[in-house]
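Open the model in a viewer and keep the selection tool at hand. The stops below say what to select and what is there.

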Amino acid sequence: MLFANWLQKSWNFYFLICFISFNSLVFKKEEIFKIIYMQFSFDTNLTKIAAKVEANERLTFDEGIELYKTDDLNALGKLADFVRRRKHGKTTYFNVNRHFNHTNICVADCKFCGFYRRARQDDAYTHSIDEGIEIARNAVNEGATELHIVGGLNSKLPFEYYTDLFSSLKREFPKLHLKALTMVELDFFARFYKMSDEDVIEKLKAAGMDSCPGGGAEIFAEPTRSRICDHKCDGNRWLELAGKVHKAGLKTNATMLYGHIETTEDRVDHFVKLREQQDKTGGFQCFIPLAFYPNGTALSSLPGPDAMLNLKTIAVSRLMLDNFDHIKAYWVMLGLPTTQTALHFGANDVDGTITDGGELTHAYSVESGGERKMTKNELISMIENAGFEAVERDTVYNRVEKATV
Ligand code: SF4
């Protein structure tokens, strides 16, 4: 038996030596590596796609579908990790930030949203500018470099509420980066206050808006989008406004809400549309897949995404969005174990400390009913324990040597 094992091993070794020797006569060293590397999956479709990825070629819509269909999760992760390491090595970004949700009053009623309230509901709120300054002061004292500001579509507020809020925050904390307002909010402002898009963007920029977050993209494909959020702007309008913000010289992020009623085709369509917009205006910094959290929403009967879908979505986004630098594993929605795994599936950012969360974060946190927050040291440990190098960044991906506000 032992001899049989030895013989078997020897034959394997002999075969490997012959294989390499024969190929060295015919191929160069890199080509041998390529041949061995390209046989890495039992899924032949994945093996073919791997050759394109290695050659830096753009993947098609159909290939995006194949990536989602594969059962070889390991190979998919390996492929996405290959691209991630080609772009960033082991660097994994985080930032020290705070969310500020100025109002939860909203005229829309998105089916996936557990945050919004009607103006007459008991727990409807709008923060005053002074409250906003106090929240920002606490954040700055804890080392925050960014205030992430999003809220409901509140028809009770004048446009000046936003310009006053931003200019007051800038007066108090000139170095605090205001990442504020989604494309859906900008669209609402243009329609509700009867202003041009350019006017809305310029006035908010002049008041202190430094960049925009990526929310409100949800899922672009119709009829899915209309079924989950028919009162907000459509996908084309979201993309058009992102392009206008980019042209005004501001960066934005982009998101996709998944794990509800959308199809695989919807998700891949979303990636292709984002990629096309990025080709045109180039202002997206980061893509953030948002895992749907059913509790407290009109879609609470749905189970939400499982770990397979979470990891596949991170990996496929890394492979399809070839013109996006950063893919974020948003720890609040994924939970810590999946976030660490996602770093091996193409993600190179985990978002931030999110000190005290903000009311919207409470509505979708997968961890202990939204009470989660992480210190800077906890974030660093999470990243390092996953085998990566933690780098604190500011909102536009400059390395932060020392937080100075
Ligand atoms: S997702 Fe935004 S727009 Fe939709 S209901 Fe919630 S707060 Fe309003």
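Start just after helix 8, at Lys 194, where phi is positive at about 55 degrees. This is a predicted model, and all values in the tour are computed from it.

Now step back and select helix 8 itself, residues 183-192. How many of its 10 residues are buried? Eight are, so the helix is largely enclosed by the rest of the structure. To colour the buried set, pick Met 183, Val 184, Glu 185, Leu 186, Asp 187, Phe 188, Phe 189 and Ala 190. The buried residues of helix 8 pack against helix 7 (159-172), helix 9 and helix 11 (235-247), and these three can be shown together with it.

Keep Val 184 selected and bring up the ligand, since Val 184 is one of the residues around it. The other residues to display there are Cys 106, Ala 108, Asp 109, Cys 110, Cys 113, Phe 115, Tyr 116, Gly 152, Leu 153, Cys 229 and Lys 232. By type, this shell divides into nine nonpolar residues, one polar and two charged.

Go next to Pro 213. Look for it in the loop between helix 9 (197-207) and helix 10 (224-229). Is Pro 213 buried or exposed? It is buried, because 23 other C-beta atoms lie within 10 Å, where 20 or more are required. Beyond residues up to four places away in sequence, Pro 213 touches His 148, Val 150, Lys 179, Thr 182 and Asn 253. A distance label between the C-alpha atoms of Pro 213 and Leu 178 should read 9.8 Å, with 35 residues separating the two along the chain.

Leu 178 leads to the next selection, Leu 147, which touches it. Setting aside residues up to four places away in sequence, Leu 147 also touches Arg 98, Phe 100, Ala 136, Ala 139, Leu 169 and Leu 176. Leu 147 belongs to the largest nonpolar core, a set of 101 residues. Along with Leu 319 and Ala 329, it is among those with the most contacts inside that core.

The sheet comes next. Select strands 5, 6 and 7: they form an open sheet in the order 5-6-7, with parallel pairing. Which strands are at the edges? They are strand 5 (252-258) and strand 7 (326-327), each of which pairs on one side only. Strand 5 and strand 6 (residues 284-291) are joined in the parallel sense over six bridges. For a closer view of this pair, show Leu 257, which stands opposite Leu 290 in strand 6.

Add two helices to this view. Helix 13 (residues 307-320) packs on the sheet and touches strand 5, strand 6 and strand 7, its direction making about 160 degrees with that of strand 6. Helix 12 (residues 264-281) lies across strand 5 and strand 6, at about 170 degrees to strand 5.

The last single residue is Val 400, in the segment after strand 9 (389-392). Val 400 counts as partly exposed because it has 16 C-beta neighbours inside 10 Å. Its contacts, leaving aside neighbours within four places in sequence, are Thr 145, Glu 392, Arg 393 and Asp 394. Measure across to Asn 95 as well: the C-alpha atoms are separated by 8.7 Å, and the two residues are 305 apart along the chain.

Finally, zoom out to the whole chain. It has 17 helices and nine strands, and buried residues make up 45% of its 405 residues. Of the contacts between residues at least 6 apart in sequence, 77% join residues at least 24 apart.

Terms used: Residues are numbered from 1 along each chain as its sequence is written. This is a predicted model: local features need pLDDT of at least 70, side-chain atom pairs count only at pLDDT 80 or more; totals for chains, interfaces and linings use all residues. Helices (H or I, at least four residues) and strands (E, at least two) are DSSP runs, numbered from the N terminus. A residue is buried if 20 or more other C-beta atoms lie within 10 Å of its own, exposed if 12 or fewer, and partly exposed in between; C-beta atoms are placed from the backbone. Two residues are in contact if their C-beta atoms, placed from the backbone, lie within 7 Å. A nonpolar core is a set of buried Ala, Val, Leu, Ile, Met, Phe, Trp, Tyr and Cys residues joined through C-beta atoms within 7 Å. Two strands pair if DSSP finds at least two bridges between them. Axes are lines fitted to C-alpha atoms, for helices over the stretch in contact, and angles run from 0 to 180 degrees between N-to-C directions. A residue is near a molecule or strand if its C-beta atom, placed from the backbone, lies within 6 Å of it. Ala, Val, Leu, Ile, Met, Phe, Trp, Tyr, Cys and Pro count as nonpolar, Asp, Glu, Lys and Arg as charged, and the others, Gly among them, as polar.
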